[in-house]
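The following exercises are to be worked with the sequence and the coordinates at hand. Each task is followed by a solution in steps.

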Amino acid sequence: MKDKLAKARRKIDGIDRKMAKLFSDRMDAVREIARYKREHGLEIQDTARETEVLKRNSELVPEEYVRSYTDFLKKLISLSKEEQADILGEMDNANGAATVLKMHLGENSYPIIVGKGLIGSADEYFKLDRKAFIVTDDGVPTEYADTVRSLCKRATVYTVKAGESSKSFDVLQEMLKAMSDFHLNRGDCVVAVGGGVVGDLAGFASSVYMRGIDFYNVPTTLLSQVDASVGGKTAINLCGVKNTVGAFKQPKAVLVDVGVLETLPKRHMRNGMAEVIKMAAVANEKLFAALENSSEEDTYNNIASIITEAVKIKRDIVEADEKESGLRKILNFGHTLGHAIEESERCDRLHGECVAIGMIPVSLADAKDRISSLLRKYSLPTSHDVDSELISRGIAHDKKAKGDKISIIFCPQIGKYCIKNMTVEEFTSIIE
Ligand SMILES: NC(=O)c1ccc[n+]([C@@H]2O[C@H](COP(=O)([O-])OP(=O)(O)OC[C@H]3O[C@@H](n4cnc5c(N)ncnc54)[C@H](O)[C@@H]3O)[C@@H](O)[C@H]2O)c1
């Protein structure tokens with residue numbers, strides 16, 4: 001008798017293993033459908049399809065199981081719809097003031113909340129009932145970090161000097177020491193309140209401090225809201241070479257308050273627009289065309305939805321390729337030449353401005369004209385006068401290099417990209 005029971009249980013265990021695999025495969029397919037629906041603006045609910053699934057499948061089991069199998073299928077459909085809702089994820093929060101986008105990366109998933117006037121309720125989105133080490137820079141209005149501090153149980157604000165020079169080992173070391181002096185431990189958190197420099201530096205510090213502690217980001221420049229704060233890349237520079245030392249560290253949440261852009265100088269708004277144009281150029285023709293058809297003023301008046309669209313582009317790419325082994329490389333469009341210019345001595349251009357210049361030689365045919373003219377609308381540069389020797393040296397440092405070849409992202413047509421592997425010499429000759 002006991003043998004019989006054990007045998008039946010072994011059989012069930014075997015079936016459960018197969019079902020777990022089938023369930024995971026089914027959910028993977030559900031996610032694909034959700035992404036398709038998201039892309040094409042389709043509703044989650046599809047009653048005709050549901051009825052058909054129930055009917056067709058209930059006919060596959062013996063009469064005696066039809067009722068319970070139908071219940072099982074209904075539960076499965078309901079779970080699938082929940083999963084789809086999660087993927088579609090763009091739901092308004094309780095008071096309708098924010099859009100919540102969800103980055104799906106398994107256990108590293110996190111929300112990106114976009115809206116106006118959100119910083120004063122950061123504690124609704126971040127777990128701040130613990131010690132928080134808030135990092136900002138001396139160019140960011142102090143009220144932003146102070147507001148976050150006022151919402152924390154116990155916090156300190158650590159201020160670095162504004163500018164790229166803060167992405168250095170010296171600054172990192174001082175900061176880690178301050179974290180330790182504040183007795184920050186593994187259950188506590190780091191909160192970045194600033195642009196891409198603060199986000200990259202604080203994010204990297206949080207990834208190495210005690211082998212990693214929680215990190216939240218409140219990006220305060222347009223560039224960091226649409227790009228730097230999303231996707232988990234953190235880094236500091238080494239000997240003048242950009243982002244050489246870094247880590248993938250996904251934040252626990254990103255709070256994008258477009259209200260803070262009111263204090264951001266226009267040059268920095270335009271700098272951020274360079275990254276928006278970059279993403280639209282290689283991944284979203286519709287957004288690119290919308291920018292072409294809108295004045296600079298109208299775009300800024302509508303900035304929350306532009307940011308939401310740009311974040312969706314980046315989110316979708318990062319979800320498909322978190323660690324940049326493939327698709328994510330397309331976000332480096334314009335960056336190979338851009339970084340080389342940025343690293344050249346006496347460069348006083350901002351990151352986005354360098355990327356703007358970097359996009360031109362890698363845009364082809366009609367795309368080149370459309371990108372140039374959109375960049376000009378935002379008074380962004382499209383050419384440079386940096387010595388070609390310095391440029392070649394900068395390109396040779398490129399982290400996208402494999403062997404003696406670098407992967408270059410081209411835009412053959414708006415909304416499309418292609419990747420070509422070439423030597424530094426070949427790429428330099430294209431630029432020239
Ligand atoms: N991690 C990534 O995926 C990623 C992506 C793109 C760029 N980056 C990095 O981001 C950095 C550039 O970021 P950035 O353009 O935000 O520059 P930044 O962080 O230097 O900020 C620009 C300036 O604006 C000031 N500022 C910030 N917010 C303000 C506000 N609301 N009002 C007034 N002033 C404000 C800052 O003090 C600073 O002087 C570069 O180091 C770049 O490598 C990282």
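## Exercise 1: A residue of the first helix

Ala8 lies in helix α1, which spans residues 2–40. The model is a predicted one.

Task: Determine whether Ala8 is buried or exposed, and state how far its C-alpha atom lies from that of Phe126.

Solution. Step 1: count the C-beta neighbours of Ala8 inside 10 Å, which gives 10. Step 2: apply the cut-off, by which a residue with 12 or fewer such neighbours is exposed. Ala8 therefore counts as exposed. Step 3: take the C-alpha atoms of Ala8 and Phe126, which are 118 residues apart along the chain; their separation is 48 Å.

## Exercise 2: The surroundings of the ligand

Task: State how many residues surround the ligand, which helices and strands supply at least two of them each, and how the shell divides by class.

Solution. Step 1: the ligand is surrounded by 31 residues, and the closest are Gly139, Gly195, Gly196, Val197 and Thr221. Step 2: at least two residues of the shell come from each of α7 (196–208), α8 (222–228), β9 (241–248) and α9 (266–283). Step 3: sorted by class, the shell holds 10 nonpolar, 14 polar and seven charged residues.

## Exercise 3: Positive phi in a loop

Task: For Met210 and Arg211, give the value of phi, the place in the chain and the degree of exposure.

Solution. Step 1: phi of Met210 is near 50 degrees, a positive value in a residue other than glycine. For Arg211, likewise not a glycine, phi is positive and near 60 degrees. Step 2: Met210 is located in the loop between α7 and β7 (214–219), and Arg211 is also in the loop between α7 and β7. Step 3: Met210 has 14 other C-beta atoms within 10 Å and is therefore partly exposed. Arg211 has 7 other C-beta atoms within 10 Å, so Arg211 is exposed.

## Exercise 4: The packing of α6 on α7

Task: Describe the geometry of the packing of α6 and α7, and identify which residues meet.

Solution. Step 1: helix α6 (residues 169–181) packs with α7 at an angle of about 55 degrees, and the two axes are 10 Å apart. Step 2: α6 is therefore oblique to α7. Step 3: the crossing in which α6 passes α7 is right-handed. Step 4: from α6, Val171, Leu172, Met175, Leu176 and Met179 meet Leu201, Phe204 and Ala205 of α7. Step 5: this contact of α6 with α7 comprises eight nonpolar residues, with no polar and no charged ones.

## Exercise 5: The packing of α13 on α16, and Gly394

Task: Analyse the packing of α13 and α16, then characterise Gly394 in helix α16.

Solution. Step 1: α13 (residues 335–343) and α16 (residues 388–396) pack at about 120 degrees, with their axes 8 Å apart. Step 2: α13 passes α16 in a right-handed crossing. Step 3: the contact involves Thr336, His339, Ala340 and Glu343 of α13, together with Ile391, Gly394 and Ile395 of α16. Step 4: by class, the contact of α13 with α16 has three nonpolar, three polar and one charged residue.

Step 5: Gly394 has 24 other C-beta atoms within 10 Å and is therefore buried. Step 6: leaving aside residues up to four places away in sequence, Gly394 touches His339, Ala340, Glu343 and Ser344. Step 7: the C-alpha atoms of Gly394 and Gly272, 122 residues apart along the chain, are separated by 23 Å.

Methods:
Residues numbered from 1 in each chain as written. Predicted model: local features only at pLDDT ≥ 70, side-chain atom pairs only at ≥ 80, totals over all residues. Near = placed C-beta within 6 Å. Helix = DSSP H or I, 4+ residues; strand = E, 2+ residues; numbered from the N terminus. Nonpolar A, V, L, I, M, F, W, Y, C, P; charged D, E, K, R; others polar. Buried ≥ 20, exposed ≤ 12 C-beta atoms within 10 Å, placed from the backbone. Axes fitted to C-alpha atoms, helices over the stretch in contact; angles between N-to-C directions. Parallel < 35°, antiparallel > 145°, perpendicular 65-115°, else oblique. Left-handed = near helix turned anticlockwise from the far one by under 90°. Contact = placed C-beta atoms within 7 Å.
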